[in-house]
Amino acid sequence: MDLLAYSNDSEVSGSSAPWRRDGLRHGALLTGQLEEKMSLLMRVAPNIVQAIRAFNVGDLQQEAGQLGHHFLYAHCANTLTKQQVCARIGEQFYFPKPCSKNFDALRKCLTETIHEAGPQPGFIVVLEQLPSAQKFDKEARENLLDVFRDAAEFWAEKKVPFRVFYSFATVPPTA
């Protein structure tokens, strides 16, 4: 499928086929460039919360720039409690302090507060090294991820992409 119209100056003279002088068709070349540009998130739903797995932070940041989306990044290593995690996320997302007090405040900031600021192009969010600690256990991690799932649903209703990628801190083995 050809995506773009062809210009006469790049066609081989005397040919009815829109071939470039270097032998490549415009549509094939541009389709390949488009696929390359879209390939990172092509198979990722536009509103999802998932483990970072095969993605790396630099590529996600670059993809956000190419798509014109906001890139929100929080590195949560060395946090141990819900309050510390919320504070770190708020600080690294440059949110006002009230947004960083608890999960409900964070949820409101990720949805209503940002929505009230005006139209949004989309978001790629990375939560790296979420703690695995006694005061931030599996339930607390799931509650935090639910905040981001709620935000993803909120933005899906507005037809704004909101993708969240997360990783957990590796726990050193105990002797």
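**View 1. Strands β3 and β4 lie side by side in this predicted model.**
Six bridges join β3 to β4. The two strands run parallel. One bridge to pick out is that of L127, whose partner in β4 is Y166. β4 spans residues 162–168. Six of its seven residues are buried, so β4 is largely enclosed by the rest of the structure.

**View 2. β4 also pairs with β1.**
Five bridges link β1 and β4, again in the parallel sense. Look for V49: its bridge partner in β4 is V164.

**View 3. Four strands form an open sheet.**
The order across the sheet is β1-β4-β3-β2. The pairing is parallel. Which strands form the edges? They are β1 (47–51) and β2 (70–75), each pairing on one side only. On average, neighbouring strands of this sheet are turned by 10° against each other, direction ignored. In a regular strand, side chains alternate between the two faces of the sheet.

**View 4. Edge strand β2 meets β3.**
β3 covers residues 123–130. Six bridges hold the β2 and β3 pairing, and its sense is parallel. H75 stands opposite E128 in β3.

**View 5. F71 sits in strand β2.**
Is F71 buried, partly exposed or exposed? F71 has a relative accessible area of 22%; because buried means under 20% and exposed means over 50%, F71 counts as partly exposed. F71 and F123 are 52 residues apart in sequence. In space, their C-alpha atoms are 6.0 Å apart. Which residues does F71 touch, leaving aside its neighbours within four places in sequence? The contacts are V57, L60, Q61, A64, I124 and V126.

**View 6. Helix α2 turns one face inward, with three named residues buried.**
α2 runs over residues 57–67. Its buried residues are L60, E63 and A64. Seen down the helix axis, these residues fall within an arc of 105°, so they line one face of α2. An α-helix has 3.6 residues a turn, so residues three or four places apart point the same way. L60 and A64 are also among the residues in contact with F71.

**View 7. The two ends of α2.**
At the start of the helix, a side-chain oxygen of N56 reaches to within 3.1 Å of the backbone nitrogen of G58. At the other end, α2 is followed by G68. The phi of G68 is positive, near 75°.

**View 8. Helix α3 lies across two strands.**
α3 comprises residues 82–92. The strands it crosses are β2 and β3. The helix runs at about 145° to β2. Which residues of α3 are buried? They are V85, C86, I89 and G90. They cover an arc of only 125° around the axis, which puts them on the same side of α3. What do these buried residues pack against? Their partners are β2, α4 (103–116), β3 and α5 (138–157). Just after the helix comes Y94. The phi of Y94 is positive, near 60°.

**View 9. N78 marks the loop between β2 and α3.**
Phi of N78 is near 70°. That is a positive value in a residue other than glycine. Is N78 buried or exposed? N78 has a relative accessible area of 73%; over 50% counts as exposed, so N78 is exposed.

**View 10. K159 marks the loop between α5 and β4.**
K159 is not a glycine, yet its phi is positive, about 60°. The relative accessible area of K159 is 75%, and K159 is exposed.

**View 11. The whole protein, for orientation.**
How many helices and strands are there? The secondary structure comes to five helices and four strands. Along the sequence, the pattern reads α-β-α-β-α-α-β-α-β. The protein has 175 residues, and buried residues make up 39% of them. Consider contacts between residues at least 6 apart in sequence: 64% of these join residues at least 24 apart. The exposed area is about 10,600 Å². Carbon and sulfur atoms supply 52% of that area.

Conventions. Residues numbered from 1 in each chain as written. Predicted model: local features only at pLDDT ≥ 70, side-chain atom pairs only at ≥ 80, totals over all residues. Heavy atoms only, no water. Buried < 20%, exposed > 50% of the residue type's maximum accessible area, 1.4 Å probe, protein only. Arc of directions from axis to C-beta. Polar contact = N/O pair within 3.5 Å; in protein donor to acceptor, adjacent residues only side chain to side chain. Pairing = 2+ DSSP bridges. Axes fitted to C-alpha atoms, helices over the stretch in contact; angles between N-to-C directions. Contact = heavy atoms within 4.5 Å. Areas by Shrake-Rupley, 256 points an atom, 1.4 Å probe, with all protein chains shown as cover.
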